[in-house]
Amino acid sequence: MAGNGIFAEIIDGDVYKYYSEGEWKTSSSGKSVSIVNPTTRKTQYKVQACTQEEVNKVMETAKFAQKTWAKTPLWKRAELLHKAAAILKEHKAPIAECLVKEIAKPAKDAVTEVVRSGDLVSYCAEEGVRILGEGKYLMPDSFPGNERTKYCLTSKIPLGVVLAIPPFNYPVNLAVSKIAPALIAGNSLVLKPPTQGAVAALHMVHCFHLAGFPKGLISCITGKGSEIGDFLTMHPGVNCISFTGGDTGISISKKAGMVPLQMELGGKDACLILEDADLDLAAANIVKGGFSYSGQRCTAVKVVLVMESVADALVEKVKAKVAKLTVGPPEDDSDITPVVSESSANFIEGLVLDAKQKGATFCQEYKREGNLIWPLMLDHVQPEMRIAWEEPFGPVLPVIRINSIEEGIHHCNASNFGLQGCVFTKDINKAMVISDAMETGTVQINSAPARGPDHFPFQGLRDSGIGSQGVTNSIIMMTKVKSIVINLPTPSYSMG
């Protein structure tokens with residue numbers, strides 16, 4: 001159970017503690033932040049409302065701990081990460097319970113997220129040892145005018161203190177995707193979890209605590225974004241920010257100055273269906289891609305662009321599959337569960353009502369009870385409708401009928417987002433041409449958009465983000481190159 005057994009020390013009464021200097025602490029503010037269960041719409045958990053002074057202390061200890069950690073051998077860093085991964089997977093049940101109650105993630109998916117997170121940490125440990133254990137040896141005489149009198153040795157060194165800010169929809173997996181690369185690279189890590197998902201993240205952090213990482217190396221600070229958000233992201237002690245979320249990331253990027261950024265900020269992932277597509281395959285992927293976790297995924301299918309000649313057939317196939325989706329609480333492993341908050345549900349409803357007013361065809365009856373919205377496909381969506389461009393982050397899927405491939409590509413590229421896209425066709429030549437033309441960070445051929453496996457590069461264009469994620473790219477991003485040049489008095493050439 002959450003907050004019990006090995007996790008008993010992370011809670012004080014009914015309020016979860018924050019993590020600093022290797023200890024679980026209560027905030028001097030005396031205040032807490034409530035976390036509302038999306039299903040019951042009642043307070044489920046409470047976390048500490050940390051102060052700016054506590055942020056300062058966390059940054060101070062993180063900077064100090066990082067200096068020692070950077071001198072820790074790579075094999076030792078990897079050993080501790082493997083230990084944390086094993087503890088995380090061993091205690092998947094209470095962490096998954098938090099995910100069910102905090103963010104209404106279906107029970108099986110919640111367990112899968114925790115196990116996947118443990119696998120990511122272990123993979124990162126192994127990959128880090130490989131790529132950080134190698135440097136370069138450069139010869140000077142490859143550049144015109146130089147003799148062999150200088151030898152350059154390059155290696156990757158840590159940036160310092162990494163600030164990690166994951167989103168509500170994957171508060172464990174997208175936290176460890178930042179934590180593990182930062183630690184293996186020799187950085188210290190300050191985690192600011194999302195409010196919805198904070199308790200799951202605190203349980204995850206305790207697994208790292210139990211693994212025996214040095215005090216102060218990992219911190220987890222909770223609180224209101226309005227009070228500590230900007231203070232954290234603009235703190236002079238931060239040397240790198242890894243953020244996954246929405247528009248807030250754009251605001252952070254404008255204030256971050258010279259701090260390296262890794263950001264994924266959402267998408268309006270288009271699914272392009274050609275006339276020769278396998279419609280059964282396409283329909284299955286549209287339903288999986290559009291409605292998994294109630295559409296609350298950056299890589300969810302957000303708009304279907306289908307050739308008019310096959311649109312009727314595709315819509316009927318998708319409707320048949322949508323009719324089989326189960327709707328209800330996450331504890332029952334329902335396909336469609338409540339969206340994360342009332343404000344999210346209201347935003348989604350606003351998009352639906354706008355589409356209705358402007359003439360979209362409803363393929364199902366629109367139904368909502370509290371935060372629970374039944375799956376809905378909107379056909380004959382037009383470009384003037386908000387749903388054609390805005391990211392609903394819910395179980396509502398627009399279908400736009402197109403008369404040419406060029407029309408579909410134009411719609412995809414006209415979006416301010418550019419995370420992922422997908423194309424369904426039996427012609428691999430067409431698929432490759434379209435993939436090149438789609439201005440997105442990733443294009444999936446004959447499959448719905450997806451993040452993963454976790455070592456695959458993951459990046460977006462335009463407002464969808466800065467930099468690239470994935471285990472290897474994250475490790476490299478959280479390091480910088482250091483050069484040492486050996487100067488010789490006379491040229492040195494091999495005997496011969």
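**Figure 1. Two domains share one protein chain.** The chain is divided into domain 1, covering 5-265 + 465-481, and domain 2, covering 270-445. Please keep in mind as you look around that this is a predicted model. Measured out over C-alpha atoms, the centres of domain 1 and domain 2 are separated by 32 Å. Where the two meet, domain 1 brings 16 residues to the contact and domain 2 brings 18 residues.

**Figure 2. A close-up of the surface buried between domain 1 and domain 2.** Together the two domains bury about 1600 Å², and 61% of that area is on carbon and sulfur atoms. On the domain 1 side, look for R41, P106 and F168: these residues lose the most area to domain 2. Taken together, R41, P106 and F168 account for 27% of what the domain 1 side buries.

**Figure 3. Polar contacts and helices where the domains touch.** Seven residue pairs are in polar contact between domain 1 and domain 2, counting pairs with both residues at pLDDT 80 or more. For salt bridges between the two domains, the count is zero. Two helices are worth finding here: α3 (92-103) and α4 (107-132) each supply at least two residues to the side of domain 1 that touches domain 2. The residues on that side of domain 1 comprise nine nonpolar, three polar and four charged.

**Figure 4. H206 in its helix.** Now we turn to a single residue. H206 is part of helix α6, which spans residues 198-211. Is H206 buried or exposed? H206 is buried, because its relative accessible area is 0% and buried means under 20%. Setting aside residues up to four places away in sequence, the ones that H206 touches are I6, F7, E9, I10 and W24.

**Figure 5. S468 and its side-chain partner.** S468 sits in strand β27, made up of residues 468-469. With a relative accessible area of 18%, S468 is buried, since the cut-off for that word is under 20%. Which residue has a side chain joined to that of S468 by a polar contact? The partner is Q459, and the contact between the two side chains is 2.6 Å. Q459 also appears in the list of residues in contact with S468, which leaves aside neighbours within four places in sequence. The others in that list are Q262, P457, F458, N473 and S474.

Note on methods
Residues are numbered from 1 along each chain as its sequence is written. This is a predicted model: local features need pLDDT of at least 70, side-chain atom pairs count only at pLDDT 80 or more; totals for chains, interfaces and linings use all residues. Side-chain values use heavy atoms; hydrogens and water are left out. Domain bounds come from an automatic or database domain assignment. Contact means heavy atoms within 4.5 Å. Buried area is the accessible area (1.4 Å probe) that two parts lose on being put together, summed over both. A salt bridge is a side-chain nitrogen of Lys or Arg within 4 Å of a carboxyl oxygen of Asp or Glu. A polar contact is a pair of N or O atoms within 3.5 Å; within protein, one must be able to donate a hydrogen and the other to accept it, and residues adjacent in sequence count only if both atoms are side-chain atoms. Helices (H or I, at least four residues) and strands (E, at least two) are DSSP runs, numbered from the N terminus. Ala, Val, Leu, Ile, Met, Phe, Trp, Tyr, Cys and Pro count as nonpolar, Asp, Glu, Lys and Arg as charged, and the others, Gly among them, as polar. Buried means under 20% relative accessible area, exposed over 50%, partly exposed in between (1.4 Å probe, protein chains only).
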